[in-house]
Amino acid sequence: MKKVVLKMDLHDNRVKQKAMKTASGLSGVESVSVDVKDKKMTLSGDIDPVSAVTKLRKWCHTEIVTVGPAKEEKKEPAKVPDPLKLYETYPFYYQMTPPPYRQSYYVTSFEENSSGCVICKIYLDIPNAI
């Protein structure tokens, strides 16, 4: 991984945008940053500095300032949080499930009361039907 610093002649915002778009489209570029005051562009990643300069010269005058390894930040080991304290569960009689739903209905046969049709008779005898 390399860090390449380029000096560019950025005279307006349009040229800066086109240069950043061209630089970010190069293969191997991981990050692009521009310092407008110093007129410098910093590219980091696995890139060829010469090919980057030739592509960027289409938009403005570009020179290589420095090429070197990218500084890797030292990461501190992550602290492992203390394990959570497990509490005992309530005894089984507190964890009882509700009783199962029981559906009760009453059906009378057609032979007991022969008046009326069978379908109407069933709906009249079932409580809470319809």
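Hi everyone, let's start with a hairpin: strands β2 and β3 form one, with four residues between them. In that turn sits K39, and its phi is positive, about 55°. Before I go on, please keep in mind that this is a predicted model.

So how do the two arms of the hairpin pair? Strand β2 covers residues 29-35, and six bridges link it to β3 in the antiparallel sense. If you want a spot to find on screen, look for V29, which stands opposite G45 in β3.

Now follow β3 over to another partner. Strand β1, residues 2-8, runs antiparallel to β3, residues 40-45, and six bridges join them. Here G45 turns up again, as the bridge partner of K2. That makes G45 a handy landmark: V29 stands opposite it, and K2 is bridged to it.

Let's move to a tryptophan. Where is W59? You'll find W59 in the loop between α2, residues 49-56, and β4, residues 62-69. Is W59 buried, partly exposed or exposed? Its relative accessibility is 38%, and because buried means under 20% and exposed means over 50%, W59 counts as partly exposed.

And what does W59 touch? Leaving out residues up to four places away in sequence, the contacts are V15, K18, A19 and T22. Take K18: it lies 41 residues from W59 along the chain, yet their C-alpha atoms are separated by 7.2 Å. With T22 there is also a polar contact, side chain to side chain, at 2.9 Å.

Thanks for listening, and do have a look at W59 and T22 in the viewer.

Definitions and conventions: Residues are numbered from 1 along each chain as its sequence is written. This is a predicted model: local features need pLDDT of at least 70, side-chain atom pairs count only at pLDDT 80 or more; totals for chains, interfaces and linings use all residues. Side-chain values use heavy atoms; hydrogens and water are left out. Two strands pair if DSSP finds at least two bridges between them. Helices (H or I, at least four residues) and strands (E, at least two) are DSSP runs, numbered from the N terminus. Buried means under 20% relative accessible area, exposed over 50%, partly exposed in between (1.4 Å probe, protein chains only). Contact means heavy atoms within 4.5 Å. A polar contact is a pair of N or O atoms within 3.5 Å; within protein, one must be able to donate a hydrogen and the other to accept it, and residues adjacent in sequence count only if both atoms are side-chain atoms.
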